[in-house]
Amino acid sequence: MVRIIVSFLAVWLQMTSLNAQSYEPSFRPDELQDQPAGPQNQVVVLGTPHLSGLPENFKPEMVNPVVDRFSDWKPEFIAVEDMSGLRCAAMKQMPTRFASQISRYCYDTTAAEAASGLSVFEAVAEIQERLENLDAERSPSERRRNALLFLAAGEPGSALVQWLYLKEEERIATDGLTEELVLELEKSRTRVNEVNLIAAPIAMRAGLERLWSVDAQDYYAGDGDEAAYAAALTAAWDNPSVSERLKRDRALSLALGEPGELLALYRAYNAPEYASLAYAGDWGAALTEPSSGRYGRKYVAYWETRNLRMVANMREVLGRSPGSRMLSIVGASHKAYYEAYLSQMRDVALVDVVPMLTE
């Protein structure tokens with residue numbers, strides 16, 4: 001009798017495994033042909049290198065053609081690879097669990113909270129109320145106050161947008177801003193990263209009031225053996241695809257001294273073949289690495305979860321004004337995942353970014 005039960009369970013498990021592998025859902029949102037009432041949301045995903053990691057031959061003014069092209073597209077929302085103040089405030093309630101993420105990805109609101117007398121949550125509520133009237137003419141005093149509120153809310157990119165609207169003589173320590181915060185805002189104008197040099201200037205030129213921080217670094221899958229995890233991934237990443245990708249990246253970066261080469265770099269980072277090469281060397285390799293702890297698969301779980309949350313944050317923002325244009329600026333490794341997930345949304349039309357980067 002026991003043998004019969006065991007045999008039955010073995011067959012049942014085998015059939016279940018086969019069914020799980022062969023099952024295809026009948027509902028495929030990406031294959032539906034219905035259309036929304038009114039225009040669809042348009043989303044263009046600009047995959048970018050992290051500008052802070054480019055060699056010394058990169059100069060901030062090289063971004064001007066990129067800023068020009070996407071300003072002309074007139075986005076109504078701009079999503080960036082930053083952590084929101086609200087998400088960081090929640091993570092700070094568990095400082096032991098998220099200590100590393102907080103120190104690396106969260107803006108320190110201490111000085112701005114002290115200057116404004118507001119917590120992150122209070123600052124978020126006040127700035128949202130102040131920006132409800134999108135057609136309002138904003139005085140220099142209002143812009144300075146808005147910059148302070150965004151800093152207190154943990155949104156330095158949006159604070160910079162407000163600051164860029166001001167004339168040089170209007171960028172002063174008043175309306176709650178301290179000399180320390182003014183100096184910080186001034187330095188942020190030339191800080192080498194894609195949020196400060198590209199996203200914020202585009203937002204100002206497009207007449208927007210803010211950026212939308214969509215990153216999600218609050219993934220937690222329990223404590224584990226960090227040394228074994230690192231060793232497994234290091235071994236997985238030792239492959240020809242990674243070598244080829246690094247070789248291409250280096251060649252593109254070293255060519256930046258030539259006119260127009262930043263656009264060439266962006267075209268390469270946004271080409272389909274870049275996504276394929278990145279996957280083969282990174283998540284594809286991690287998925288199949290054979291460690292007993294299945295560390296590669298844990299890494300892929302982190303990566304997919306993070307991208308899903310980022311796209312969910314973008315989709316939520318689009319829900320504020322259906323039929324809008326969104327520019328999403330994100331590290332090039334995220335681009336293919338963004339577009340794969342966004343393509344399943346029933347009210348999102350993806351825009352090819354490559355023609356926008358062509359000379």
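**View 1. A network of salt bridges links Arg28, Asp30 and Glu31.** The model shown in this and the following views is predicted. A search of the whole structure finds 15 salt bridges, and the network of Arg28, Asp30 and Glu31 is shown here by itself, with individual pairs following in the next views.

**View 2. Glutamate 209 and arginine 143 meet through their side chains in a salt bridge, with an N to O distance of 2.6 Å.** The pair links distant parts of the chain, 66 residues apart, since glutamate 209 belongs to the loop between α10 (194–205) and β3 (212–215) while arginine 143 belongs to helix α7 (residues 140–152). Glutamate 209 has a relative accessible area of 9% and is therefore buried, and arginine 143, at 9% relative accessibility, also counts as buried, because both values fall under the 20% cut-off.

**View 3. A salt bridge joins aspartate 175 to arginine 144, with the closest N and O atoms 2.7 Å apart.** Aspartate 175 is placed in the loop between α8 (156–164) and α9 (179–188), whereas arginine 144 sits in helix α7, so the salt bridge ties together parts that are 31 residues apart in sequence. Aspartate 175 counts as partly exposed, at 25% relative accessibility, but arginine 144 counts as buried, at 10%.

**View 4. Arginine 309 and aspartate 218 form a salt bridge between their side chains, at 3.6 Å from N to O.** This pair, too, links distant parts of the chain, with arginine 309 in helix α16 (residues 295–318) and aspartate 218 in the loop between β3 and α11 (226–236), 91 residues apart. Arginine 309 counts as partly exposed, its relative accessibility being 31%.

**View 5. Five strands make up an open sheet with parallel pairing, in the order β3-β2-β4-β1-β5.** The edges of the sheet are taken by β3 and β5 (348–351), each of which has a single partner strand, so that one side of each is left without a neighbour in the sheet. From one strand to the next, the twist averages 35°. Within the sheet, strand β2 (residues 77–83) pairs with strand β4 (residues 325–331) in the parallel sense over four bridges, and phenylalanine 77 stands opposite methionine 326 in β4. Helix α16 lies across β1 (41–48), β2, β3, β4 and β5, and runs at about 155° to β3.

**View 6. The largest nonpolar core holds 66 residues, of which Leu46, Phe58, Phe70, Ile78, Ile198, Leu327 and Tyr338 touch the most other members.** Helix α16 contributes the largest share of this core, namely nine residues. Isoleucine 198, when its neighbours within four places in sequence are left aside, is in contact with Leu51, Val63, Val66, Val67, Asn193, Tyr266 and Ile329. Another core, of 23 residues, lies apart from the largest one and has Ala147, Phe150, Leu181 and Val182 among its members.

**View 7. The protein chain, given as context for the close-up views, has 17 helices and five strands.** Along its principal axes, the C-alpha trace spans about 85 × 50 × 45 Å. The protein chain has 359 residues, of which 45% count as buried, and it exposes about 19000 Å², with carbon and sulfur atoms supplying 54% of that area. Among contacts between residues at least 6 apart in sequence, 79% join residues at least 24 apart.

Technical notes
Residues numbered from 1 in each chain as written. Predicted model: local features only at pLDDT ≥ 70, side-chain atom pairs only at ≥ 80, totals over all residues. Heavy atoms only, no water. Salt bridge = Lys/Arg side-chain N within 4 Å of Asp/Glu carboxyl O. Helix = DSSP H or I, 4+ residues; strand = E, 2+ residues; numbered from the N terminus. Buried < 20%, exposed > 50% of the residue type's maximum accessible area, 1.4 Å probe, protein only. Pairing = 2+ DSSP bridges. Axes fitted to C-alpha atoms, helices over the stretch in contact; angles between N-to-C directions. Contact = heavy atoms within 4.5 Å. Core = buried A, V, L, I, M, F, W, Y, C linked by side-chain atoms within 4.5 Å. Areas by Shrake-Rupley, 256 points an atom, 1.4 Å probe, with all protein chains shown as cover.
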